[in-house]
Amino acid sequence: MIRLEDITKVYATKRGLHTVLDGVSFEVPLGTSMGIMGKNGAGKSTLLRIIGGAEMPTSGTVTRGSRVSFPIGFTGAFHGSLTGEENCRFAARIYGQELTRVVAETRAFADIGAYFYNPVSTYSTGMRARLAFGLSMSIDFDVYLIDEVTAVGDRRFKKKCQAALKERAAHGSLIVISHSVATLKQLCDKCAVLDQGKLQVCASVDEASKLYAA
Amino acid sequence: MSALRGLVVQSEVVHAIFLRETRTRFGQYRMGYVWAIADPAIVILTIAAFLALVDRPTPFGMDVYSFIATGIIPYKLFASSAQQVGEAVNGNRALLFYPRVLPVDLAIARWLFELATYTTVFVVLMGLHALYEQRLLVDEPLFVLLGLTLASLLGTGMGLVFCTLGVLSRTADRARGPLLRPLFWISGIFFTVASLPPHVRPLAGLNPVIHCTELVRAGWFESYEATYVDLAYLAVWVIALLAIGLVMERRVRRKIEVT
């Protein structure tokens, strides 16, 4: 379960304070999933980082009743001079998971062959995304935070990702940022639109996309 | 999350960062970790060789090699901790992307890494000398240990203050090097407090680092006493810096932008 109560996030910019999130509240019980739509720069990724705990809100509280993932889809947390395997071992250690299992499952899911044992700096963007997604699927979370992850990779890999996510959604929760209505419809029960710091939660993806288009 | 569970998670995180540091710091070079030991060894050998050549007498019958080593290792432990912890956030910013990793974890891991490295350096370099001399006499081993530990804590406290200030202001980041570098010349690497003119001694004692080098020397050499070590003064520095640094870390934790 994830509950946000009156979350506000204010950044200091050169031209004064900028309010990214302005009193955002919602709840996602375990077993249900929510999509988030919004323009570029609307604060979707910031919201995801706050839900995960990587960033603190300026005010308001986040309640996490379960194991929440790091935002999936971002690959910057990999160290370029370490191999894919070494990066996986690091993440597995942080989350107190069994190293051999996480490494084996990530290698199988990412399916990048011998590159798994090469430094990440030699990877293409697609390979990094494959590694990142495989890693997040091998660590045992209840709530998965997904930031446009289905936008990367070839069609086969996208299908594999969606299947894996659907399976997780059955037991846990997904909070998904996406511009694709089709993706959101596949994965989410309800959907919210983030605009000018305000979040409006709709009962269905269709309703949200209508609101978003308006 | 209970306090105990929090402690378990934190130790998992620190352990993971520590292991990662060993790979990222030395992993890409040939002989890797040997450089951690070779680096101070080269400095010690160069200075010791120079002092031996100019035939400068060392105080209180200390041999040149041990005299320089007991000065430079605690100093380097201090300076390296201050530098590494000072750059803990800048050097590993991407890791803060994992919600489980906090700035203080990065600092703790680097503190332990420096402490482990320089303790090894001390044992190896003094051990080689003892093998060469066929003799090993340590007057007060606990003083040596205390001096090294306090040097690392002093450096870590200073590094943590600079690291957290650096989040708020780039100027603080820039100022760390110029502020800390002169300490090389006044921290008792090349002299002992007892060998200074009496009116300079209290002034030299204002520098907290010199109390660490004096402690290590007094512990190592039977002929040298810890007359000028003010443990209370050193402790105030260590506790104050760590307290300020830890409070600051909590204040800036939410201000660090990951990307």
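Helices here (H or I, at least four residues) and strands (E, at least two) are DSSP runs, numbered from the N terminus. This is a predicted model, in which local features need pLDDT of at least 70, side-chain atom pairs count only at pLDDT 80 or more, and totals for chains, interfaces and linings use all residues. Residues are numbered from 1 along each chain as its sequence is written, while chains are lettered from A and ligands numbered from 1 in the order in which they are written.

**View 1. Helices α2 and α5 of chain B pack at about 55°.** Let us start with α2(B), residues 34–53, and α5(B), residues 103–133, whose axes are 9 Å apart. Axes are lines fitted to C-alpha atoms, for helices over the stretch in contact, and angles run from 0 to 180 degrees between N-to-C directions. The angle makes α2(B) oblique to α5(B) (under 35 degrees is roughly parallel, over 145 roughly antiparallel, 65 to 115 roughly perpendicular, and the rest oblique). Their crossing is right-handed; that is, the near helix is turned clockwise from the far one by less than a right angle, whereas anticlockwise would be left-handed. From α2(B), the contact uses Ala36(B), Ile37(B), Pro40(B), Ala41(B) and Ile44(B). Facing them from α5(B) are Thr117(B), Thr120(B), Val121(B), Val124(B) and Leu125(B). Two residues are in contact if their C-beta atoms, placed from the backbone, lie within 7 Å. By class, this contact has eight nonpolar, two polar and no charged residues. Ala, Val, Leu, Ile, Met, Phe, Trp, Tyr, Cys and Pro count as nonpolar, Asp, Glu, Lys and Arg as charged, and the others, Gly among them, as polar.

**View 2. Chain B is built from 11 helices and zero strands.** The C-alpha atoms of chain B fill a box of roughly 55 × 45 × 35 Å along the principal axes. Its radius of gyration is 19 Å, which agrees with the value near 18 Å for a compact globule of 259 residues (taken over C-alpha atoms; the globule rule is 2.2 Å times the number of residues to the power 0.38). Buried residues make up 41% of chain B; buried means 20 or more other C-beta atoms within 10 Å of a residue's own, exposed means 12 or fewer, and partly exposed lies in between, with C-beta atoms placed from the backbone.

**View 3. Helices α2 and α3 of chain A cross at roughly 135°.** Here α2(A), residues 84–94, and α3(A), residues 99–110, have axes that come within 9 Å. The two are therefore oblique to each other, and their crossing is right-handed. Look for Glu85(A), Cys88(A), Arg89(A) and Ala92(A) meeting Leu99(A), Val102(A), Val103(A) and Thr106(A). These residues divide into five nonpolar, one polar and two charged.

**View 4. Leu30(A) sits in the loop between β2 (16–28) and β3 (34–38) of chain A.** With 13 C-beta neighbours inside 10 Å, Leu30(A) counts as partly exposed. Beyond its neighbours within four places in sequence, Leu30(A) is in contact with Met1(A), Ser66(A), Asp142(A), Gly172(A) and Ser173(A). Gly65(A) is 35 residues from Leu30(A) in sequence, with 8.9 Å between their C-alpha atoms.

**View 5. Chains A and B meet through 17 residues of chain A and 20 of chain B.** On the side of chain B that touches chain A, 10 residues are nonpolar, four polar and six charged.
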